[in-house]
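Welcome! Here are a few short exercises, each with a worked solution. Have a look at the model first, then try each task before reading on.

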Amino acid sequence: MSTVTFHSGERIPLEMHKVRIVQKLNLVPIERRLEAIRAAGNNTFLLRNRDIYLDMLTDSGVNAMSDRQLAAMMESDDSYAGSETYAKLEEKIREIFGTEYFLPVHQGRAAENIISRVFVKPGTIVPMNYHFTTSKAHVVLNGGTVEELLIDEGLAVTSTHPFKGNLDVGKLEALIKTHGAERIAFVRVETGTNLIGGQPHSLANLREVRAVCDRHGVMLVFDASLLADNLYFIKTREPEAANLSLREITRIIADMADVLYFSARKLGCARGGGICTRNQDHYMKMRELVTLYEGFLTYGGMSIREIEALTVGLDETMDEDMVSQGPQFIEYMVNDLDRQGVPVITPPGGLGCHLDAMRFLDHVPQTQYPAGALASALFLVSGVRGMERGSVSEQRDAEGNETYSNMELLRLAMPRRVFTLSQVKYAVDRIVWLYENRALVGGLRFVEEPKLLRFFFGKLETTTDWHAALIAKFRADFGDSL
Ligand code: F0G
């Protein structure tokens, strides 16, 4: 990876692109943000973009597209069947992943629906490094159970382990021994493990997982949605990969998977998804469900223009300058916050910067949703929208009891090539201020709690009027600044 040394000695990431299309942002006064966050029931999913300054909710479908992607969208072939646009994508997939068969789908969870419907039977088990919300939901919907076999270090909030997303192969062996290989629907490895802070797995670990699968005749499914970030970490943190190109690393990974799927809202900076395999039998089993749930095989629910953009986007993901931008900005943000004493997940991962709400708001008990409270407080004092990734994102058990999550995180996603360093510095500045004033922040309680996916639609209120206290301190410290 090319690094540029600054004469000043400062270490900052340097953009290897220039901005040619922009979207105007609003930074509204804190009093307006109070109205907005109250109306949203302290749920950042329910905010409107007009009230948001930096949207760090997700990197899904909001990465900046390149000039080459936009140009390709102009010359798409809209044929319902046999589209030339689709043929280009199929060819690009074959070139990059080396997989013979490809199935297009409208987004990542649609791939999960199809894979789970075909391979998960009632009573089967899907071991994985860690779950993602939608991947677990589809396994459970089809009568399977998820077993999380992350290495122990993976859940350590602060760590120097370079590959916290690794799957513990000892635990995998033990699980297969206990239940028998026939109970295992497939092993799922998620690259750039989302819910533990975008943490990568290594090539070496994947090789070990593959060996266990081979020994027991078990299928390996690879969720490549966050592959771009993981490629960066393999290249920079795993010595054996230092001299390999991103294409070579990608092929090593893809060659180990029986089925590889991805959300193109993340991988390839477009909107869509896909399932790749070398196995004709797997392909034939999944194919009919694509036409049933997604669309004909040459678009799979994706807009044809997005398919053009995805083909170019996948090609650009093989460029080191492209994949390093996100992780380098995240590293800058994490290290800057860490240096100033703010509790963050370390080492820096992909996807975004993750604040550890359990330590940030250590006076707010888990029963009062510290990550949700932190999301509300940060939006109020900055206009930065993050995503609660803690107990609000969990579901109650069958008896109606809370299931508290392992980690209470506020995720501040870094969409690729979207924000500038000064915007990141602004976010850091307000987060540090909030940390110094954290004693003013209180908890939340539900006022509307949907049974399913409560984090999308649920509304909460503050346990005391701590918003008012934060605004008073903000005005005292910043005067009439926005
Ligand atoms: N797998 C992973 C690892 C993901 O992060 C996501 C989506 C999906 C599958 C599902 O893909 O959204 O296209 O249906 N993650 C988004 C996020 C929603 O904000 O992290 P999708």
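**Exercise 1. Contacts of the ligand**

Find which polar side-chain atom of T58 faces the ligand, and then look for other oxygen contacts of the ligand.

*Solution.* Keep in mind that this is a predicted model.
- Step 1: Start at T58, where a polar atom of the side chain is 2.7 Å from an oxygen atom of the ligand.
- Step 2: Move to S263, whose side chain has an N or O atom 2.6 Å from a ligand oxygen.
- Step 3: Ask how much of the ligand the protein covers: the ligand alone exposes 470 Å², and 95% of that is buried by the protein.
- Step 4: Turn to G108, which uses a backbone N or O atom, 2.8 Å from an oxygen atom of the ligand.

**Exercise 2. The shell around the ligand**

Work out how many residues surround the ligand and which are the closest.

*Solution.*
- Step 1: Count the surrounding residues; there are 15, and the closest are T58, R109, D223, S263 and R411.
- Step 2: Sort the shell by class, which gives 1 nonpolar, 7 polar and 7 charged residues.
- Step 3: Look for the element with the largest share: helix 4 (residues 108–119) supplies 3 residues.

**Exercise 3. Two salt bridges compared with their surroundings**

Describe the salt bridge of K88 and E75, then that of D152 and K171, and say how exposed the partners are.

*Solution.* Side chains of opposite charge can pair when their charged atoms come close.
- Step 1: In the salt bridge between K88 and E75, the closest N and O atoms are 3.8 Å apart.
- Step 2: Place this pair: K88 is in helix 3 (residues 84–97) and E75 in the loop between helix 2 (67–73) and helix 3, with their positions 13 residues apart in the count, linking distant parts of the chain.
- Step 3: Check exposure. K88 has 36% relative accessibility, so K88 is partly exposed; E75, at 55%, is exposed.
- Step 4: The side chains of D152 and K171 also form a salt bridge, 2.9 Å from N to O.
- Step 5: D152 sits in the loop between strand 4 (145–148) and helix 6 (169–179), and K171 in helix 6, so this pair ties together parts 19 residues apart in sequence.
- Step 6: D152 is exposed at 61% relative accessible area, while K171 is partly exposed at 29%.

**Exercise 4. R271 and E306**

Decide whether R271 is buried, exposed or partly exposed, and do the matching task for E306.

*Solution.*
- Step 1: Find the salt bridge: the side chains of R271 and E306 meet at 3.0 Å, N to O.
- Step 2: R271 is in the loop between strand 7 (259–263) and strand 8 (273–277), and E306 is in helix 11 (residues 304–316), so the pair joins parts 35 residues apart in sequence.
- Step 3: R271 has 27% relative accessibility and is partly exposed. E306 has 13%, and buried means under 20%, so E306 is buried.
- Step 4: Finish with a wider search: R68, K92, E95, R247, D315 and E316 are joined into one network by salt bridges that share partners, and the whole structure has 38 salt bridges.

**Exercise 5. A buried lysine**

Find where K266 lies and which side chain K266 contacts.

*Solution.*
- Step 1: K266 is in the loop between strand 7 and strand 8.
- Step 2: With 11% relative accessible area, K266 is buried.
- Step 3: The side chain of K266 makes a polar contact of 2.4 Å with the side chain of D59.

Note on methods: Residues numbered from 1 in each chain as written. Predicted model: local features only at pLDDT ≥ 70, side-chain atom pairs only at ≥ 80, totals over all residues. Heavy atoms only, no water. Near = heavy atom within 4 Å. Polar contact = N/O pair within 3.5 Å; in protein donor to acceptor, adjacent residues only side chain to side chain. Areas by Shrake-Rupley, 256 points an atom, 1.4 Å probe, with all protein chains shown as cover. Helix = DSSP H or I, 4+ residues; strand = E, 2+ residues; numbered from the N terminus. Nonpolar A, V, L, I, M, F, W, Y, C, P; charged D, E, K, R; others polar. Salt bridge = Lys/Arg side-chain N within 4 Å of Asp/Glu carboxyl O. Buried < 20%, exposed > 50% of the residue type's maximum accessible area, 1.4 Å probe, protein only.
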